[in-house]
Amino acid sequence: MSEELNRRKTEIEFPEIMPILPIREMIVYPSMVLPLAVGRGKSIKALEESMATHRFILVITQKNVKVEEPSAADLYSVGTICEILQILKMPDGTLKTLVEGLTRVQWDNFRINEDGFIEVNIKMIDESCPQDTTEVKAVMRNAVELFEQYVKLSPRMPIEIAYSVNNVNNPAKLADVIAAHLIVKSDGKQDILEATNPIDRLEKICKILTAEIEILDVERKIQSRVRNQMDKSQRQYYLNEQMKAIKKELKQDGEDQKDVNELREKVKAAKLPQSVRDAAEKELARLDKMFSMSPEATVIRTYIEWILDLPWEKSTQDNLDLKRAQEILDQDHYGLEKVKDRILEYLAVLSRVKKIKGPILCFIGPPGVGKTSIAKSVARSLGRNFVRISMGGVRDEAEIRGHRRTYIGSMPGKVIQSMKRAASNNPVFILDEIDKIGADWRGDPSSALLEVLDPEQNYAFADHYLDVDFDLSKVMFIATANSLQNIPNTLLDRLELIRFSGYTDEEKIKIARDFIIPKQFADHGISEQDLDIKPDALEGIIKTYTREAGVRNLSREIANLCRKAAKELEYDKTKKQIVVRDADLEKLLGVARFERERISENDIGVVTGLAWTEVGGETLTIEVNKMKGKGILVLTGKLGDVMKESAQAALTYVRSSAKKLGIDDKIFKETDFHVHVPEGAVPKDGPSAGIALTTALASVCLNKPVKKNLAMTGEVTLRGRVLAIGGLKEKVLAAYREGADTVLFPIGNKKDLVDIPKKIKEAIKMLPVSHMDEVMQLAIENTKGSKKNGGSKK
């Protein structure tokens, strides 16, 4: 490059008179390419003249940058002839030009010509010097080394600049390249430009580089000493100021900082436990150091908002007036006296001790008997807020305890979410369908509920998301379930069971009149003047369109009548009232779904058993038939293992008691027995069909019929003892509903008779039995057997 430049300088004949371009605070060296912005009129004319002629212009630096119209005294005596490479006219009339320095020259005879630009006479400078002498090489090597050291110490210069001078062999070129990169004042650079001898220029550059290196070295030492002496508080202040400056530059200091300040004020004003306040302030300090757009900042902001929204210290005032509570419970629900008494006992104790640490109430019974609705009445009578979560299908422990704050979508568990909705720390909290809770590889939610429902632990419930303790001890938890079978024993141990049995037909009629019909009329915009449902129609709906322990389907059918009435009244405006009688039900509700009076079809080998299900009591027809064979017992009807074992035990008892019962032993070797329970698609299981299975097998072996309108329930042993069963009230209600007039039940269940309504005990003969001999005597016509207990009407 230097040889090319030298060749061009020797070949080019520069004009003796040349336009000049005065510049401020910049020095242009030969071989240096530089963009310039030109705005003064004389300078613009000088550029235009040069472009029109030879494209050369003399660039001279002003001594005083403030002078707008420089004279000869305002310009340095040495400048650089430059070739104009490119010129661009701007919209405001100024020019942008790109020039390349060619050679340094002296000038004289400063003047303004008739075209309005400045021109001078130029005098060429001889820059020749020997290049191969030892002195020249030593000076060049020293300059290169000093320049490399200077670049390394200077924080504003890239290291690549130092490598650019390694291949320069011409001392004049080397001096100009190094001088162009020096960060010194313009008069110092001009002094280098005016040095005509390249060796002298390099020596001046070495002196400047040595001084600059010493200054830079001292600066680095000072910075290191100050940095080491800076203590933690000063460093924190420095970093905070830097952060503020960065945020200000990124325009993040406005709304985002305002949001953080608002959160800080809310935390300061909120009534929080000290441990919760400390956690919130710690997260706020982290949030203050983060950029608002970072994912972690979103997680922290959501966490603090959750803490602020939870009712840590907010409670509602309890209304402990027992008479008022009694009125509300009676107003909302018919019957359920034992349930209401237990709730009033709870309120009475609460009014004395203000805080109860005791068992959690669990309402257990068939669907539609009022478990959830009476819990709402409890909340209303207490004046507390009410929240409910459905536990059906919950399989993940995190749904109870919450998700850890390891990802953006994490959130608290259902318990804490419900406490936020409750807006108080002492609501009535319903855990609905607790028997439907599941478990899989993600954990066992029922185990997580142990902490929630244990009064000795729930004062410090640990949600994984919050990571601080939340006090649940003031919450009144009420669980509901249809069955105890699926509730773990450890959880069941923490529950006080209150059983809800099914309603009789008379109770359903009363509930429909006092509760369901007024509610459905209000929901459908119907008045008593619009629709009159007669008592026989209500009885018909209950007996032929619903067959359930509760009143849920009854409510649906009454709602169906309301819709039909509303439609009819809107079609025919002349009608004033629609009267519904029993005879109208088929037209309005369709064909009856159940028989009105389904008398038990007991016969030879056919017995009506009683079973308990999650939806209440049910009758169970058991059929046994015999055919020639080898004594094989066939069981069908989708029976469970327990019921199959009961059938085997029943056959064993009948065979062992064959002589006493008057049965020929040969029948067990030459006959196969087939036991079937109709509705074969429905799974059936449980031990309470034992005496019914035994009676049916004995009946078919004796070829004697079972007495009509008789139902029975009880577990049987191999020795013929009848054991107690559960759900007697529900089973008796089912027998009453199906038209039975006699029920055989284990003598061990006599204590449960107090739960059966008086009207049913008057309608059904309740006969307790303790042994199968008594069952045979009471159930099969003209049967042999002991008469230890002939039964008594209860």
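In the predicted model, D505 has a relative accessibility of 13% and therefore counts as buried, the cut-off for that class being under 20% relative accessible area. The residue belongs to helix α19, which covers residues 505-524. Once residues up to four places away in sequence are set aside, D505 touches I542 and K543. The C-alpha atoms of D505 and I542 lie 6.9 Å apart in space, while 37 residues separate the pair in sequence.

Helix α17, formed by residues 445-453, is largely enclosed by the rest of the structure, because eight of its nine residues are buried. The buried positions in α17 are P445, S446, A448, L449, L450, E451, V452 and L453. Both proline and glutamate are thus represented in this set, as P445 and E451.

The loop between β9 (428-432) and α17 contains E433. Although E433 is not a glycine, its phi is positive, at about 55 degrees. The relative accessible area of E433 is 25%, so this residue is classed as partly exposed; the partly exposed class lies between the limits of 20% and 50%. A positive phi, of about 65 degrees, is also found at D467, again a residue that is not a glycine. D467 is placed in the loop between β10 (461-462) and β11 (469-470). With a relative accessibility of 59%, D467 counts as exposed, since that class begins over 50%.

Helix α7 spans residues 198-229 and includes R201. The relative accessibility of R201 is 0%, and the residue is therefore buried. A polar atom of the R201 side chain is located 3.4 Å from the backbone oxygen of T196. With neighbours within four places in sequence left aside, the contacts of R201 are R104, E127, A172, A175, D176, I192, A195 and T196. This list includes the acidic residues E127 and D176 as well as another arginine, R104. T196 thus appears both among the contacts of R201 and as the residue whose backbone oxygen faces a polar side-chain atom of R201 at 3.4 Å.

V226 also lies in helix α7. In contrast to R201, which is buried at 0% relative accessibility, V226 has a relative accessible area of 45% and is partly exposed. Together with V218 and I222, V226 makes a nonpolar surface patch of about 230 Å².

For the protein as a whole, the secondary structure amounts to 29 helices and 24 strands. The radius of gyration is 52 Å, whereas a value near 28 Å would apply to a compact globule of 794 residues. The C-alpha trace extends over about 155 × 75 × 55 Å along its principal axes. Of the 794 residues, 47% count as buried. The exposed area of the protein is about 40100 Å², of which carbon and sulfur atoms supply 49%. Considering contacts between residues at least 6 apart in sequence, 74% join residues at least 24 apart. The contact of D505 with I542 spans 37 residues in sequence.

Notes: Residues numbered from 1 in each chain as written. Predicted model: local features only at pLDDT ≥ 70, side-chain atom pairs only at ≥ 80, totals over all residues. Heavy atoms only, no water. Helix = DSSP H or I, 4+ residues; strand = E, 2+ residues; numbered from the N terminus. Buried < 20%, exposed > 50% of the residue type's maximum accessible area, 1.4 Å probe, protein only. Polar contact = N/O pair within 3.5 Å; in protein donor to acceptor, adjacent residues only side chain to side chain. Contact = heavy atoms within 4.5 Å. Patch = residues over 30% accessible without salt bridge, like charges linked within 9 Å, V, L, I, M, F, W, Y side chains within 5 Å. Areas by Shrake-Rupley, 256 points an atom, 1.4 Å probe, with all protein chains shown as cover. Salt bridge = Lys/Arg side-chain N within 4 Å of Asp/Glu carboxyl O. Rg over C-alpha atoms; globule rule 2.2 N^0.38 Å.
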